[in-house]
Structure formats: structure tokens, C-alpha cells
Amino acid sequence: MEGNTQKDVDKLIKQVNALLWCVGGILLVVVAMLLLIFVGDEKSKEDFDNSEVNRALIDSAAPVNHPSLDESTDLWTAADLSQAPASAKSQLEYGKELIVNTAKYLGPKGSVAHLTNGMNCQNCHLNAGTQPYGNNYGSVASTYPKYRGRSGAIEDIYKRVADCFERSLNGVAPKVGSKEMEAIVAYINYVGSNVKKGDKAKGAGIYEVALLDRAADPAKGKVLYAAKCVSCHQADGSGMMNADGIGYQYPPMWGDHSYNHGAGLYRLSRFAGYIKANMPLGATYKAPLLSDEEAWDLAAYVNSMPRPSKDLSKDWPKIEEKIFDHPFGPYADAFGEEQHKYGPFKPIKAAQKKVKKG
Ligand code: HEC
Ligand code: HEC
């Protein structure tokens, strides 16, 4: 009898214990669910806010019709890769792949080497360098080697490609002779192989936006950036990575991972021309979405933000050859760095013309 009572008490204790564990478990589940609901709610609030911003953006980006930048029907189109000789095809395709997905091979998490800032050549050379007025490679094969004032020397395509690695991609170029460098140069040569030596391809490179009578205004550009660019390139200019964290979905505008002070886009005329024909995403030379003033003011704002620097002391060894919008002195003319950066550029160009004539 006594033994039985002891057993009953033991059983009771076990049951109470089990009950306690159960209650504890349920409590844990409830807390977890509450947490989930709370966080989920926050997240959907975020989504909501974003969609509000996006709606505002779409409203503010309501189609303003700007005239086409070029009505010609005979703009350059790239030589067709599928027509390339079989023996060259795999190298050409690798070259194209390196232009399109540079970061995947050569970026900070690249599978071949870690040489660059994570951007792709294609971020600025649209459609693998074949888009009219999308900074395409149409005139490269036909015009290089050529003299360039920036280096004060005759440059071949290797040197020009290396320049973009060191400036636009703020990194180091693969060596001449490496599989990667050879493939890139072969690809660039191939796409422009249908342009006669010495000729310039129509619609090649960057569109030349008309110069303003005033200086470009970073304050106006800031307002425009918030309305038309921020949804992709972000408020802090850092862009947005792909989910894999290897390359960008939206490339950076400024900051540590953007192009450096020595890059072409750091010149206001290059930036304005590039975005006039191509940004916000969806714009083309046929249907631009920015006025000339907007393009200049956006260029002024983005290029007034911090970015990596580069030793440019060897650039433009003949200062009288310095391009009008190179923002670093000394200059052969009487205008300062501020005006060489933001304009107005017409007086600078007029003075340069005089010097050339005289
Ligand atoms: C941040 C933007 C940017 C990126 C990224 C970039 N480039 Fe460029 N690239 C430019 C600009 C701007 C120019 C000058 C265009 C001009 O002066 O009209 C240029 C010029 C060139 C030219 C000469 C074109 C000509 O017609 O003279 C070549 C070749 C070139 N880039 C190759 C590359 C390659 C290869 C990569 C990737 C390794 C690359 N670029 C990445 C912006 C960029
Ligand atoms: C809908 C998204 C979107 C919007 C909005 C947008 N961009 Fe872009 N932008 C892109 C993408 C994507 C690329 C790269 C294109 C590619 O790789 O094919 C790019 C590339 C660029 C580049 C060259 C690469 C770099 O990072 O330096 C510049 C400059 C640029 N955009 C400026 C602007 C400006 C200025 C605006 C606002 C007027 C703008 N973008 C609006 C998506 C966008």
C-alpha cells in the first residue's frame, strides 16, 4: 500500500513536470509567433513605404517627351558574334561575358582574380558595348592606336582598356597576354570590325549634350536625384547588390565602390551625355527622359559626392591639351578648377580655341 502511494506521488510529479514542459513549450511558441507577426508587420510596412515612394517616383517621372537625340536610321550596329569564325568564337564569347559580368570573374569576389571594385564594364558600356549612344565600342577598332592628350602618348586598345580598369573600375588591369585581357580586346576589336579603319561609327561613344550658359548646379541635381534615381542607385549612392552578393543589380553612383576621380564619368560632359541618352533606366537616345539642364545638374550633384581618388599627376602632361572639363589644375588658361568642373564651359572652350589658333 505504502509502496503504491509512493509510486502515485512519483507519477504525479512526472505528470506535473511534463505539464510544466508543455506550458513552457507553448509559451515559447506564442512568443515566437508574436515576434514573427511583429517583425513581419514591420517588413510589410517597409514594403508599403517603398511602394509609396515608387508610386511617387512614377508620378514624378510621368513621361515628359524630349526630342530624339538622333533620327538617323543608319546608326552603327555591332558585327554579329554568331557570324564569327568558329575558331575565334569561344574567345569572343568569353570577352563578351567579361564585359557583361566583370564582377563575377574579376570583382572583389571574382572567380578568376580580385582586381576591381565590383562594377561591370557593361554598367557604362551598355548592351556589352553595342548600344547607340550607350558608350559603345563602335569606333575603337577603327580609331586605335591613337594619340590621347590624357596620357600624352599614342595608346593602343590594351592601354585604353587598362585605363578603364584602373579608373572606372578603380582597380588593376589583367596583364596583356592573360586569357582575360586578350579576350576583352578580341571582343572589342570584333564588334567594331565592320567600321572602316579611320572612320568613326555613327552613334558611337557618348552623346554630346549642348553646353549650358550657366554652371551646372549640384543643389538642383540633388533634388532630381531624389526624384528620379534614388529608387535604384539608393540615397547613399551605394547602389544595390544582387542577391548573390557578387555583382550589382544597380551599380553605385559614388562612395568606395564607385569609379574614381580619374574616370571618364568624373568629367561632367561624359556623365551628362551618358545619362541623357540612357537614364533613368528605360531611357534611350530615341526617347530621352531628362532635359539637358537636368542631365548637367545631375552630373554636378553625383560628381560632387565623395569617391575614391587616384594619383593623376602624370595625366595631361601638356597642360595646354587639357580637356575643357578636366576638374584638376594647373591650366593653361585663366579659369579655375571650380569652373573647369561645373562650368560655364563656353568661355573656356572659346579661350581654348583662341590658343589653338594663335
Ligand atoms: C563607370 C563607368 C565605366 C566603366 C565601369 C567602364 N568604362 Fe570604359 N569608358 C567609360 C567612359 C566614360 C569612357 C570614355 C568615353 C568618352 O570619352 O567619350 C570609356 C571609354 C572606354 C574605351 C574607349 C572607347 C573609345 O571609343 O575611345 C574602352 C575600350 C573602354 N572604355 C573599355 C572598358 C572596359 C573593357 C571596361 C571594363 C573592364 C570598362 N571600359 C568599364 C566608362 C566606363
Ligand atoms: C530603374 C532603375 C534605375 C534608375 C531609376 C536609374 N538607374 Fe542608373 N543604372 C541602372 C542600371 C541597372 C545600370 C547599369 C546598366 C547595365 O549594367 O546594363 C545603371 C547605370 C548607371 C550609370 C553608370 C554606372 C555607374 O554606376 O556609374 C550611371 C552614371 C547612372 N546609372 C545614373 C543614373 C541617374 C543619374 C539616374 C537618375 C536620373 C539613374 N541612373 C536612374 C538602373 C537605374
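User: Which range of angles counts as roughly perpendicular?

Analyst: Angles of 65 to 115 degrees count as roughly perpendicular, and what follows applies that range to a predicted model.

User: Why are H8 and H11 called roughly perpendicular to each other?

Analyst: Helix H8 (residues 218-228) and H11 pack at an angle of about 100 degrees, with their axes 7 Å apart. Since that angle falls within 65 to 115 degrees, H8 and H11 are therefore roughly perpendicular to each other.

User: What makes the contact between H8 and H11?

Analyst: On the side of H8, the contact is made by Pro218, Lys220, Gly221, Lys222, Leu224 and Tyr225, while H11 contributes Glu294, Asp297, Leu298, Ala300, Tyr301 and Val302. By class, this contact has seven nonpolar, one polar and four charged residues, the one polar residue being Gly221, because Gly counts as polar.

User: Why is helix H10 described as largely enclosed by the rest of the structure?

Analyst: A residue is buried if 20 or more other C-beta atoms lie within 10 Å of its own. Eleven of the eleven residues of H10 (residues 268-278) are buried, so H10 is largely enclosed by the rest of the structure. Among these buried residues are Arg270 and Lys276, as well as Phe271, Tyr274 and Ile275. For the chain of 358 residues, buried residues make up 35%.

User: What covers the buried residues of H10?

Analyst: The cover includes helix H4 (126-129), helix H11 (292-302) and helix H12 (337-342); H11 is also the helix that packs with H8.

User: How do you know where ligand 1 lies with respect to domain 1 and domain 2?

Analyst: Domain 1 (81-191) and domain 2 (218-316) both give residues to the shell around ligand 1, so ligand 1 lies between them. Of the 26 residues around ligand 1, those that come nearest are Cys121, Cys124, Cys164, Ser168 and Gly264. Helix H6 (157-166) and helix H7 (179-191) each supply at least two residues of this shell, and the largest share, four residues, comes from H6. By class, the shell has 16 nonpolar, eight polar and two charged residues.

User: What makes up the shell around ligand 2, and where does ligand 2 lie with respect to the domains?

Analyst: Ligand 2 is surrounded by 22 residues, of which Cys229, Cys232, Pro251, Met279 and Pro280 are the closest. Helix H9 (230-233) and H10 are the elements that give two or more residues to this shell, and H9 provides the largest share, three residues. Because domain 1 (81-191) and domain 2 (218-316) both give residues to the shell, ligand 2 lies between them.

Conventions: Residues numbered from 1 in each chain as written. Chains lettered and ligands numbered in written order. Predicted model: local features only at pLDDT ≥ 70, side-chain atom pairs only at ≥ 80, totals over all residues. Near = placed C-beta within 6 Å. Domains from an automatic or database assignment. Buried ≥ 20, exposed ≤ 12 C-beta atoms within 10 Å, placed from the backbone. Contact = placed C-beta atoms within 7 Å. Axes fitted to C-alpha atoms, helices over the stretch in contact; angles between N-to-C directions. Parallel < 35°, antiparallel > 145°, perpendicular 65-115°, else oblique.
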